[in-house]
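The following note sets out points on the structure for a colleague at the bench. Please read it with the model open alongside.

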Amino acid sequence: MVAKKFHLISPYELSEESRWHLGNLHLHSTHSDGVFSPHELRDIYMKKGFDFFALTDHNCMGDQGNNKNDPEDRAYVLDLDVPPNDINNPPHFIALPGYEFCDVKSTSATPHVNCIGAKTGRDGVHRPSDDYQGAIDQVNLEGGFAFFNHPFIDTLRGWDFRYLRGEDPLMILRGLRGIELVNTGSIYYRKERKNPMSYGLCAHLWDEILSRGVKLWAYVGDDFHKFDEEIPCNALNVVLTKEFTREEIIRNLKTGNFYASTGLMITGIEVMHDTIKVVTDDIADFRFIGFGGKVLKETKEKETEYKVKGNEVYIRVEVSNNLPVFDDTPELRGFTQTAWTQPIFIE
Ligand SMILES: [Zn+2]
Ligand SMILES: [Zn+2]
């Protein structure tokens, strides 16, 4: 018997003490074009069971918004944390600083990049760099990370990042950690149009990128501004951390130790020497996907395993149930709750 000549590169670090924490990474407050103050947004997300979020106002963070005369609105983003009840309890809620970078000279087709974990002072002005690469480099230097938002917000133009310089962005931008695989706000906002899902779900683009050997994680966001236009609390980044601190959440989101979801919960991801095992808390449809978006295995179970052959290049797992993400929106009944693991690469 010939020994296997490959090994799996997994972003998942599982340990007995690790816990899953739910967070949203794309939100707008009154500091840019949202209607809720940061405190109101925190309360909306906390009530729905979220453990953290990142505020991502357009080109501004925390106290640099438009409503400086309103003391409630001036709150710096870190003041939104809900602290632990006592020393043995972890904090109930953590707010991550961030912003959504867009070129101010932009048109609607200009790309948006979320910079999460960017640093700013309480009363200092955070000055996003005035170019994409500068914004990405800066947030990486500050210990945070950047990902490319809503790649298909305008499906007529396709991948709007190409508008940067009419070139392939992955060849010209360095340091991006991922793409926004699902922007639930874009889907809901365009619910009455033809193929509404294509405005905010880009799994095929992700497979195209991964198949070229570019390692990008999938992040998801609500892009919530106001009710009627978007619905909050549908995009979950489920992070595995030993300690529930701002630094640990950011670190694990940056290294891929999380999965993306629109409601379905994965309870276990185990990567052994040639096997990938995924567990959920109810029977669901599993799809193991590899190079070129090829479905390698499909099954309906509560937990399932895939034996790696070695030529898949990468393997990611999608798990869906038949519950709609938006319950009372008939146009979107086909958009059912799904969870996406990060890719596991084969080397
Ligand atoms: Zn945007
Ligand atoms: Zn946005």
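1. Burial. A residue is called buried here if 20 or more other C-beta atoms lie within 10 Å of its own, exposed if there are 12 or fewer, and partly exposed in between. In helix α6 (residues 246-255), the residues that are buried are Ile249, Ile250, Asn252, Leu253 and Lys254. Asn252 and Lys254 thus appear in the buried set together with Ile249, Ile250 and Leu253. Just after α6, Gly256 adopts a positive phi of about 90°.

2. Status of the model and confidence. The model is predicted. The chain has a mean pLDDT of 86, and 83% of its residues reach 70 or more. Two stretches call for caution. Over residues 121-125 pLDDT stays under 50, and the model has 4 contacts beyond four places in sequence for them. Over residues 155-159 pLDDT likewise stays under 50, here with 5 contacts beyond four places in sequence. Where pLDDT is low, the predicted coordinates should not be read in detail.

3. Overall composition. The chain comprises 347 residues, of which 44% are buried. Its secondary structure comes to 6 helices and 17 strands. Of the contacts between residues at least 6 apart in sequence, 67% join residues at least 24 apart.

4. The five-stranded sheet. In which order do the 5 strands of the open sheet lie? The order is β5-β6-β7-β8-β9, and the pairing is mixed. The edges are taken by β5 (98-102) and β9; each has a single partner strand, so one side of each is left without a neighbour in the sheet. Averaged over the sheet and with direction ignored, neighbouring strands are turned by 35° against each other.

5. Pairing inside that sheet. Strands of a sheet pair through backbone hydrogen bonds, either parallel or antiparallel. Strand β6 (residues 112-116) is antiparallel to β7, with 4 bridges between them, and Val113 stands opposite Phe148 in β7. On the other pairing of β7, 2 bridges connect it to β8 in the parallel sense, where Phe148 has Ile179 as its bridge partner. Phe148 therefore has partners in both pairings, Val113 and Ile179, as bridges are assigned between paired strands. From β8 (residues 178-183), 5 bridges lead to β9, again with the strands parallel; Val182 is matched there with Val220.

6. Strand β7. Is strand β7 (residues 145-148) covered on one face or on both? Both faces are covered: Phe145 and Phe147 lie on one side, Ala146 and Phe148 on the other, and all are buried.

7. The nonpolar core. In soluble globular proteins, nonpolar side chains tend to be buried together. The largest nonpolar core in this model has 82 residues, and Cys115, Ala146, Leu181 and Ala260 have the most contacts inside it. Strand β13 (residues 275-290) supplies the largest share of this core, 6 residues. Leaving aside neighbours within four places in sequence, Cys115 is in contact with Gly98, Tyr99, Phe101, Ala135, Val139, Gly144 and Ala146. Ala146 is thus both a contact of Cys115 and one of the buried residues of β7.

8. Strand β2 and its partners. Strand β2 (residues 19-24) is joined by 5 bridges to β10 (residues 236-241), and the two run antiparallel; Gly23 has Asn237 as its bridge partner in β10. A parallel pairing with strand β3 (residues 52-54) rests on 2 bridges, with Asn24 opposite Phe53. Helix α1 (residues 38-47) completes a right-handed β-α-β unit with β2 and β3.

9. Positive phi outside glycine. Which settings hold the residues with this backbone geometry? Asp228 has a positive phi of about 85° although it is not a glycine. Asp228 sits in the loop between β9 (217-221) and β10, and is exposed, with 9 other C-beta atoms within 10 Å. Val313, also not a glycine, has a positive phi near 75°. The loop between β14 (294-307) and β15 (314-324) contains Val313. With 17 other C-beta atoms within 10 Å, Val313 is partly exposed.

Definitions and conventions: Residues are numbered from 1 along each chain as its sequence is written. Chains are lettered from A and ligands numbered from 1 in the order in which they are written. This is a predicted model: local features need pLDDT of at least 70, side-chain atom pairs count only at pLDDT 80 or more; totals for chains, interfaces and linings use all residues. A crossover is right-handed if, with the strands pointing away from the viewer, the path from the first strand over the helix to the second runs clockwise. A nonpolar core is a set of buried Ala, Val, Leu, Ile, Met, Phe, Trp, Tyr and Cys residues joined through C-beta atoms within 7 Å. Two residues are in contact if their C-beta atoms, placed from the backbone, lie within 7 Å. Axes are lines fitted to C-alpha atoms, for helices over the stretch in contact, and angles run from 0 to 180 degrees between N-to-C directions. pLDDT is the predictor's confidence in each residue, from 0 to 100.
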